[in-house]
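Visitor: Could you take me on a close look at one part of this protein, the aromatic rings and what surrounds them? I'm in my first year, so please go step by step.

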Amino acid sequence: MELRVLKYFLALAQEQNITRAAALLHLTQFTLSRQLMQLEKELGVQMFRRGRYKITLTEEGMLLRRRAQELVDLEEKTKKELHRAEQLRGEIAIGSGDLEGMELLSRWLADFRALHPQVTYQIFSGNSDHIKERIEQGILDLGLLLEPVEIDRYESVRLPVREEWGVLVQKESPLAQKQAIAPKDLLEVPLIVSHRQIIWKELERWFGRYARQVKIAASGNLPYNMSLLAKQGMGAFLTLKQHCSYEQLRFLPLSPPLFSSCVLVWKRAEPFPRPVSALIDYISDCIADTPQEHS
């Protein structure tokens with residue numbers, strides 16, 4: 001497979017029309033069709049369902065689209081890393097969840113860029129599992145992960161911040177009148193939680209003897225989407241405290257308090273581009289100079 005042909009494939013998958021895709025690529029329809037037929041022959045699978053007015057992907061085609069996009073993104077990232085001058089320049093790709101630690105990290109990124117104005121950042125938002133997957137694929141250089149998380153395969157530094165757990169509830173809810181939420185307060189309330197089992201295990205420990213009595217109404221990986229469910233009264237959203245506010249919702253801390261930490265990770269023994277290595281050193285120095293918070 002050639003990257004050039006994979007780009008042809010992605011264009012047709014996007015346009016769903018051979019005429020529009022060929023015009024976008026500045027190719028003849030015959031050339032584009034021939035290239036893609038050869039790709040199907042090479043892979044031994046049918047990737048398109050060819051209708052009268054529309055071309056759609058088969059199941060195999062959808063899998064190839066995901067993999068092809070990863071390869072094309074990796075090619076672009078590699079080009080940016082290689083085309084650098086003596087002065088630090090290039091793009092650093094960083095993944096993070098919606099974490100308090102990201103506020104601190106963003107200040108360090110801004111300070112680092114003030115020193116090296118030709119360094120730019122690409123920020124990916126996702127949970128720890130998605131971020132680790134993209135680090136393994138070489139798409140991300142660094143990832144800010146919420147603990148607990150498996151990081152044996154990575155180098156890491158722990159950020160000097162605490163992530164505080166609580167619940168988001170409707171302001172009209174009886175729970176909203178409380179100053180803090182105890183485990184027994186949530187026994188009769190449906191819960192909206194993270195779908196990461198390792199996080200739920202931590203929350204189960206907080207619930208203690210009440211853990212088997214809780215009721216889960218929904219789970220997910222994007223806090224904003226889950227906050228919308230809480231806004232509609234589906235349940236109480238167990239989540240981390242954020243600096244942002246959610247309309248019609250109130251955040252209440254847990255009692256006893258529950259805190260998590262976050263770690264910045266990168267591949268072990270990886271030969272990084274100079275901007276990435278310099279940023280890791282800069283952040284490590286910043287952490288060494290920052291007082292640690294304690295639970």
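Guide: Let's start with a word we'll need: a residue counts as buried when its relative accessible area is under 20%. With that in hand, 45% of the 295 residues of the protein chain count as buried. Keep in mind that this is a predicted model. The chain has nine helices and 13 strands, and its C-alpha atoms fill a box of roughly 70 × 50 × 35 Å along the principal axes.

Now to the rings. Two of them pair up if their centres lie within 6.5 Å, and by that rule there are four aromatic pairs here. Take Phe9 and Phe48: their ring centres are 5.5 Å apart and the planes meet at 55°. Planes under 30 degrees apart would be stacked and over 60 edge-to-face, so at 55° this pair is called tilted. Phe9 sits in helix H1 (residues 3–15) while Phe48 belongs to strand S1 (residues 48–50), so the pair ties together parts that are 39 residues apart in sequence. Are these two buried or exposed? Phe9 has 0% relative accessibility, so it counts as buried, and Phe48, at 1%, counts as buried too.

Next, hop along to Trp206 and Phe207. Here the ring centres are 5.0 Å apart and the planes are at 75°, so this pair is edge-to-face. Both residues are buried. Add Trp200 and you get one aromatic cluster made of Trp200, Trp206 and Phe207.

What is the cluster's neighbourhood like along the chain? Helix H7 covers residues 197–207, and together with S8 and S9 this helix makes a right-handed β-α-β unit. The two strands of that unit, S8 (residues 191–194) and S9 (residues 216–220), pair in the parallel sense over four bridges. To find one of the contacts yourself, look at Val193, whose bridge partner in S9 is Ser219. S8 also runs parallel to strand S10 (residues 236–240), joined by two bridges. There, Ile192 has Phe237 in S10 as its bridge partner.

One more ring before we stop: Phe259 has a charged visitor of its own, as Arg162 lies over the face of the ring, at 4.0 Å from the ring centre.

Stepping back to the whole chain, contacts between residues 24 or more positions apart make up 74% of those with a separation of 6 or more. As for the outside, the chain exposes about 16,300 Å², with carbon and sulfur atoms supplying 50% of that.

Methods
Residues numbered from 1 in each chain as written. Predicted model: local features only at pLDDT ≥ 70, side-chain atom pairs only at ≥ 80, totals over all residues. Heavy atoms only, no water. Phe/Tyr/Trp six-rings, centres within 6.5 Å; stacked < 30°, edge-to-face > 60°. Buried < 20%, exposed > 50% of the residue type's maximum accessible area, 1.4 Å probe, protein only. Lys NZ or Arg CZ within 6 Å of the ring centre and 35° of its normal. Pairing = 2+ DSSP bridges. Right-handed = clockwise from strand over helix to strand, strands pointing away. Contact = heavy atoms within 4.5 Å. Areas by Shrake-Rupley, 256 points an atom, 1.4 Å probe, with all protein chains shown as cover.
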